[in-house]
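Visitor: I would like to go through this model and ask what stands behind each label. Please set the values against the cut-offs.

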Amino acid sequence: EIGTIYYKYEPSEQGEDPMELKVHVFVASAFTGEIKETEEMIPHWLSSDNIPFDKMWSDDIHWYSHLLKREKFSAYFHFEK
């Protein structure tokens, strides 16, 4: 585990509860099998100096450099409506 990210999402509709997540971030240097597309992501290889942050979740640009440098990190993001 290289990082932990805590998220808090305010409800989009009145009467809903906020959603809080704790995400553990890991680095893998090798894998076996096939990568597969999901509803949320189409995986593909990128150069580490050409990461398309404008097409990614808005928080990624704030913690991704720590991941690439293999620096342990912890982050908190609070998303409002």
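Visitor: In which sense do E1 and E3 pair, and over how many bridges?

Guide: This is a predicted model. In it, E1 and E3 pair in the parallel sense, over seven bridges.

Visitor: What makes E1 and E3 count as paired?

Guide: The cut-off is at least two bridges found by DSSP. E1 and E3 have seven, so they count as paired. One of the partnerships joins Tyr6 to Tyr76, which lies in E3.

Visitor: What is the strand order of the sheet?

Guide: The order is E2-E1-E3, in an open sheet of three strands with mixed pairing.

Visitor: Why are E2 and E3 called edge strands?

Guide: Strand E2 (19-25) and E3 each pair on one side only. Neighbouring strands are turned by 15 degrees against each other on average, direction ignored.

Visitor: Where does H1 lie?

Guide: H1 lies across E1, E2 and E3. Its angle to E3 is about 165 degrees. Angles run from 0 to 180 degrees between N-to-C directions, so H1 and E3 run in nearly opposite directions.

Visitor: How do you know that Ile2 is buried?

Guide: Its relative accessible area is 10%. Buried means under 20%, so Ile2 qualifies. Ile2 sits in the segment before E1.

Visitor: What does Ile2 touch, leaving aside neighbours within four places in sequence?

Guide: Its contacts include Val25, Phe26, Val27, Leu67 and Phe73. Arg70, Glu71 and Lys72 are also among them. Ile2 and His66 are 64 residues apart in sequence, yet their C-alpha atoms are 8.8 Å apart.

Visitor: Which residues make up the largest nonpolar core?

Guide: It has nine: Ile2, Ile5, Tyr7, Val25, Trp63, Leu67, Phe73, Ala75 and Phe77. Strand E1 (3-9), helix H1 (60-68) and strand E3 (73-79) each give two or more residues. E3 gives the most, with three.

Visitor: What does Leu67 touch, not counting residues up to four places away in sequence?

Guide: Leu67 touches Ile2, Val25, Phe26, Val27 and Phe73.

Visitor: Why is the pair Lys8 and Glu10 called a salt bridge?

Guide: The closest N and O atoms of Lys8 and Glu10 are 3.9 Å apart. The cut-off is within 4 Å, so the pair meets it. The structure holds one salt bridge.

Visitor: Is Glu10 buried, exposed or partly exposed?

Guide: Glu10 has a relative accessible area of 27%. That falls between the 20% and 50% limits, so Glu10 is partly exposed.

Key
Residues are numbered from 1 along each chain as its sequence is written. This is a predicted model: local features need pLDDT of at least 70, side-chain atom pairs count only at pLDDT 80 or more; totals for chains, interfaces and linings use all residues. Side-chain values use heavy atoms; hydrogens and water are left out. A salt bridge is a side-chain nitrogen of Lys or Arg within 4 Å of a carboxyl oxygen of Asp or Glu. Buried means under 20% relative accessible area, exposed over 50%, partly exposed in between (1.4 Å probe, protein chains only). A nonpolar core is a set of buried Ala, Val, Leu, Ile, Met, Phe, Trp, Tyr and Cys residues joined through side-chain atoms within 4.5 Å. Helices (H or I, at least four residues) and strands (E, at least two) are DSSP runs, numbered from the N terminus. Contact means heavy atoms within 4.5 Å.
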